[in-house]
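Visitor: Please take one part of this protein and look at it closely, and then set it against the rest of the chain.

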Amino acid sequence: MSSKTLTLKIFRADELVDTKTLSQDVIKIGKLKSSHLCLDDDAVARMHAVIEVSGNDVRVIDLGSASGTVLNGAAIDKNASVNQGDTLTFGPYRVEIAEIADPLAAAPAAAAPAAAPVAAAAAPIAASAPIAAAATAPPVQIDVGAVEVQDGRQVAEVVAMYGRTALDVAHVGQTKSRKATAPFFMLAGGLMVIGGLALFGYEVNQPWEQYSVELREAKQAKKPEPVKPGAGTGALGLGLALFGLVPFVAGAMRLSEKVVTDYTIGEGHDAVFHVPPHGLPDAVAFPLVRSSGGEFTLNFTKDMTGEVTLDGQTLNLQELVSSGRAGGAGAYHTFPLPRGVQGKVNYEDVTFHINTVNPGAIVAGRGDVDWPFWAYVGGTAVIAVTFYLLMRSIPDDLLAITMDDGEGEPAYARYMHQPDETKEEEPPPEEENVSDDEAGGTGQRHKGEEGKMGKPSSKSKSGLYAMKGPKNAVPQMARNFDPDMAARSAGILGVMQQQGGHFLASPYGGAFAVGNDDEDVWGGLTGSEVGEAYGVGGLGLVGTGRGGGGTGEGTIGLGNTGLIGKGGGGGSGSGYGRGSGAGFGGRGKRVPRVRQAKAAVQGALDRDIIRRIVRAHINEVRSCYNSGLTKNPNLEGRVAVNFVITGTGKVGSSVVQESTIKDSSVSNCIAKAVKRWKFPKPRGGGNVIVTYPFNLSPG
């Protein structure tokens, strides 16, 4: 029992709502219904402050509340001394300390409210108004059963105070320890996890690759599907393993939870309240209050001081020992705590207030719900379920398209490998190699009259003619217009002007004379060097105009049609008399050839349709071959690609079945290109297996 009795008046909005007389050493003030002074408002903390009575000293201690504690209009710093007549403010509440009296003076003071109505009746009306309002104010009713468990059980409440500051509040025996059940939960969860992983591992280790091959072959052959390996317990095992984590984690949490069964002090890690172990029998964790079967005992050493109050009688610790109520003659004494006892133990600079009270009820009010947490959990669950439903709603064929790596081909590669807009003709058959050294047959005479060739005014007989033009031109004589028609339209002078064209002219040649020499020189068909000449250089053959004889229309020289040359002899060069082929000079450009061979098709898709699609993408095959020719110009061979056209028209797989080409990168490039192609959907939706060969030659 306290050495002082406090009478407190509680006002809200300048209206008296309650009057209390308290005699506890520690008066708890807060929003909790278990507080001695319950002030229900959001501005008041659950444990806002305490008023501590120690002898003649009465102090108010703020417990770190957000709004703070105001004494006589000024906020206090942690704690402050209070006297009779002072005013304390807690949020919207104002608490006046009407009286601080000794316990003996409390009885007369308690009779004062009964006399208040009589005094109010005798007093003037103006003076009786506040007293009448106080007498008619409804008292605050507190349902103790809503905050306490009144089943006969008791718990020990321990409050650690340093000076005027509350350091710790604990209720010994309030919560039962669940560590004993933790091994059972962990064992059950572990068995479920191990069993689930075993079932899942059994399914994973089945020959699924072999089953996939057999399934593909069965579909191609229109046969029944083979039996799936395993027992189908993969999903069940995975779910069981995940579900087993729930009891395993619950057991681990129970094993690590801390429950205050004994209030211990010391410097050990498991001590409830840490203090320096000066004079403690157990420096790690000394049990200041011990619980056993719902009963509590107070343990104290000879160096500790304090007192115990029971049934209005206060005894200090030494009197408990001397009277025999506290037993134990060793390092510490033990005192059983009966129901309703109040005790105080001083150790070093810390005071422990120990009381036996009813257990607190577990209350979850609406204001205690963590709405942000549940909003986060609920939102996450909704998003996860939404994504799952969206994935389940995707059709299987659409999933097959998105899994195709051909969709990831860069746009630039698709543009470079796009098929030609013009229809590609069938490749011509291979021509036999013809040597440039084979001699040609005898040509026919040039049409027209025979005559001499060259410049009539030249005295030389051995000069070789020359025709001006670019180096890569094919020499040919110019074609003259009809002289009769020209004379009729332009007269004799116009005809003469038109006849003054190139010195080599023939009505059977081109529109203009073309050569590949630096300048025009009038000479014969043969000669040791280019120069003007006239006479036998024409070999006795006279063409029309200033040209010589020859074998073809519009050409100069003797031999097969189209051969033009200066100088004699046969072979790979140009000349007259002998030659082969249409053209001049020796070796020309080599054009790489990509030819399609006969394909093997198994399935419900026409062979010509496949051939047309392959021909449309032949540039992609040629691009792969050209990349190999850059490294080896003589690279050639045959590449056969085996690919499967799925029911959607996409190429499901593409591999190189046969390759005689030495560069494997070329064949792999072709197989990868085929993987990107799109074909019409086969009839019936089955797969089509195609083996398509390509013959590659440098030209």
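Guide: Leaving aside neighbours within four places in sequence, Ser-667 is in contact, meaning heavy atoms within 4.5 Å, with Val-639, Val-656 and Ser-659. This is a predicted model, in which local features need pLDDT of at least 70, side-chain atom pairs count only at pLDDT 80 or more, and totals for chains, interfaces and linings use all residues. Residues are numbered from 1 along each chain as its sequence is written, and side-chain values use heavy atoms, with hydrogens and water left out.

Ser-667 lies in helix α13, where helices (H or I, at least four residues) and strands (E, at least two) are DSSP runs numbered from the N terminus. With a relative accessible area of 4%, Ser-667 is buried; buried means under 20% relative accessible area, exposed over 50%, and partly exposed in between, with a 1.4 Å probe and protein chains only. A polar atom of the Ser-667 side chain lies 2.8 Å from the backbone oxygen of Ser-664.

Helix α13 (664-675) is also one of the elements against which the buried residues of α12 pack, together with β27 (593-596), α11 (607-616) and β31 (688-697). Those buried residues of α12 are Ile-618, Asn-619, Glu-620, Val-621, Cys-624, Tyr-625, Gly-628 and Leu-629. Helix α12 itself, residues 618-629, has twelve residues and reaches 16 Å from its first C-alpha to its last, close to the 16 Å expected at 1.5 Å a residue, the expected span being 1.5 Å times one less than the number of residues.

Elsewhere in the chain, an open sheet of six strands follows the order β13-β12-β22-β21-β18-β19 with antiparallel pairing, where two strands pair if DSSP finds at least two bridges between them. Because β13 (165-172) and β19 (313-316) stand at the edges with a single partner strand each, one side of each is left without a neighbour in the sheet. Within this sheet, strand β12 (residues 155-162) and strand β22 (residues 350-357) run antiparallel and are joined by eight bridges, and Ala-156 has Thr-356 as its bridge partner in β22.

For the protein as a whole, there are 13 helices and 31 strands, and 35% of the 699 residues count as buried. Among contacts between residues at least 6 apart in sequence, 63% join residues at least 24 apart.

Methods
Polar contact = N/O pair within 3.5 Å; in protein donor to acceptor, adjacent residues only side chain to side chain.
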